Amino acid sequence: MFKKRYLLILLIILVIAVYGFVSISQMANPDGTNLNNNSKMAREVIANNSAEDLGTVEVIKNLGNPDSSKKIAYVVGVHPLENDTHKTLLKLLPQQTDLDYSYDIYVINVTEDFSSYGKLLPDDNPGRDTGQNLAYKYVYPKIVNGSYELAVDVHAHGGAYPYNTFVFSPVDGGLGESYGRNVSQSTENVSYYNPYQTTSGPYLTIPLNQHGVPAFYFEENSFISQDIKDRHMLELINGVDHLKL
Ligand SMILES: [Zn+2]
């Protein structure tokens with residue numbers, strides 16, 4: 001009899017403790033992005049949809065291991081059309097709890113004239129131009145002056161390339177290329193393939209490579225299933241984290 005009551009009290013205490021913990025976690029993370037209980041994670045708005053910008057830019061800081069002295073930047077949203085792959089990174093990177101380096105994600109959000117795969121505008125170019133301009137105006141100066149070891153610009157494509165999933169630096173012969181090749185070698189499904197034609201290179205990855213921050217593209221096929229996109233993105237995240245910087 002005594003034992004039963006004892007067990008019951010123990011159970012009630014346990015339930016209250018778990019409920020309290022979950023409530024506190026939810027209060028701290030109302031949008032569910034901070035899943036690794038990383039108290040150093042911070043968001044900063046860099047550009048807020050002024051009349052000439054037609055979009056916003058923000059940075060999510062201190063993901064991965066914020067105590068690391070090595071910082072890497074990811075960029076999403078340069079081409080708004082490709083947002084399924086951007087969302088995949090935004091979902092998965094904040095969930096990782098065992099990364100060695102510190103990560104910031106720059107998020108460009110074009111608010112006018114943007115398309116997405118499956119919902120194409122007749123003319124996608126205004127949204128693409130806006131994203132590229134926001135990258136050059138706001139993201140490039142932050143990364144080039146931000147003590148980053150590497151920048152990864154995340155894109156997607158419609159299947160017109162010989163590989164579904166690949167990385168490349170638009171500048172041959174530098175650290176951007178060698179980091180990209182290392183990531184490809186250490187992953188199962190990420191190829192190294194330079195198509196030698198990008199519209200966005202001059203707005204971000206080319207000047208970064210030319211001014212001291214190695215940078216490469218990640219490209220994913222928008223038309224493969226989400227679970228495979230997730231798997232490929234985790235390969236990228238871990239491949240980048242295993243680079244010797
Ligand atoms: Zn693109």
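How many residues lie between E1 and E2 in their hairpin, and which residue in the turn has a positive phi? I started my notes there. Six residues separate the two strands. Asn49, in the turn, has a positive phi of about 60°. I keep in mind that this is a predicted model.

**Entry 1: the overall plan**

I listed the elements next. The chain has six helices and eight strands. Along the sequence I read the pattern α-β-β-β-α-β-α-β-β-α-β-α-β-α. The chain holds 245 residues, and buried ones make up 48% of them. I then looked at contacts with a separation of 6 or more: residues 24 or more positions apart account for 78% of these. The accessible surface comes to about 12600 Å². Carbon and sulfur atoms supply 55% of that surface.

**Entry 2: the sheet**

I traced the strands across the sheet. It is an open sheet of eight strands with mixed pairing. The order is E1-E2-E4-E3-E5-E8-E6-E7. Which strands stand at the edges? They are E1 and E7 (191–192). Each has a single partner strand, so one side of each is left without a neighbour in the sheet.

I noted a general point here. Strands of a sheet pair through backbone hydrogen bonds, either parallel or antiparallel.

Back at the hairpin, I checked the pairing of its two strands. E1 and E2 run antiparallel and are joined by six bridges. Ala42 stands opposite Lys61 in E2. I then moved one strand further in the order. E2 and E4 (residues 102–110) also run antiparallel, with eight bridges between them. Ile60 has Ile105 in E4 as its bridge partner.

**Entry 3: the cores**

I looked for the residues at the centre of the nonpolar packing. The largest nonpolar core has 32 residues. Tyr74, Leu236 and Val240 touch the most other members. Helix H6 (residues 226–241) gives the largest share of this core, four residues.

What does Tyr74 touch, leaving out residues up to four places away in sequence? Its list includes Leu89, Leu93, Val152 and Val154. Tyr103, Asp104, Ile105 and Tyr106 are also on it. So are Leu236, Ile237 and Val240. I recognise Ile105 as the bridge partner of Ile60.

A second, separate core has 22 residues. Val59, Val75, Val110 and Leu204 are among them.

**Entry 4: two helices on the sheet**

I followed H6 over the strands. H6 lies across E3 (71–76), E4, E5 (150–157), E6 (166–168) and E8 (215–221). H6 runs at about 165° to E8.

Helix H2 (residues 83–92) was next. Which of its residues are buried? They are Asp84, Thr85, His86, Thr88, Leu89 and Leu92. These buried residues pack against E3, E4, E5, E8 and H6. Leu89 is also one of the residues that Tyr74 touches.

**Entry 5: salt bridges**

I counted the charged pairs last. The total is 10 salt bridges.

I began with the hairpin strands. Arg43 and Glu58 form a salt bridge, with N to O at 3.4 Å. Arg43 is in E1 (residues 42–48) and Glu58 in E2 (residues 55–64), 15 residues apart. Arg43 is partly exposed, at 40% relative accessible area. Glu58 is partly exposed too, at 22%.

Then I turned to the loop between E1 and E2. Glu52 meets Lys137 in a salt bridge, 3.6 Å from N to O. Glu52 lies in that loop and Lys137 in helix H3 (residues 125–144), so the pair ties together parts that are 85 residues apart in sequence.

Lys137 forms a salt bridge with Asp53 as well, and here the closest N and O atoms are 2.9 Å apart. Asp53 is also in the loop between E1 and E2, 84 residues from Lys137.

Are Glu52 and Asp53 buried or exposed? Glu52 is exposed, with a relative accessible area of 62%. Asp53 counts as buried because its relative accessibility is 7%, and the cut-off for buried is under 20%. Their partner Lys137 counts as partly exposed, at 39%.

One more group went into my notes. Glu44, Lys61 and Lys142 are joined into one network by salt bridges that share partners. Lys61 is the residue I had found opposite Ala42.

Definitions and conventions
Residues are numbered from 1 along each chain as its sequence is written. This is a predicted model: local features need pLDDT of at least 70, side-chain atom pairs count only at pLDDT 80 or more; totals for chains, interfaces and linings use all residues. Side-chain values use heavy atoms; hydrogens and water are left out. Buried means under 20% relative accessible area, exposed over 50%, partly exposed in between (1.4 Å probe, protein chains only). Contact means heavy atoms within 4.5 Å. Accessible areas come from the Shrake-Rupley method with a 1.4 Å probe; for residues, only the protein chains shown count as cover. A nonpolar core is a set of buried Ala, Val, Leu, Ile, Met, Phe, Trp, Tyr and Cys residues joined through side-chain atoms within 4.5 Å. A salt bridge is a side-chain nitrogen of Lys or Arg within 4 Å of a carboxyl oxygen of Asp or Glu. Two strands pair if DSSP finds at least two bridges between them. Axes are lines fitted to C-alpha atoms, for helices over the stretch in contact, and angles run from 0 to 180 degrees between N-to-C directions.
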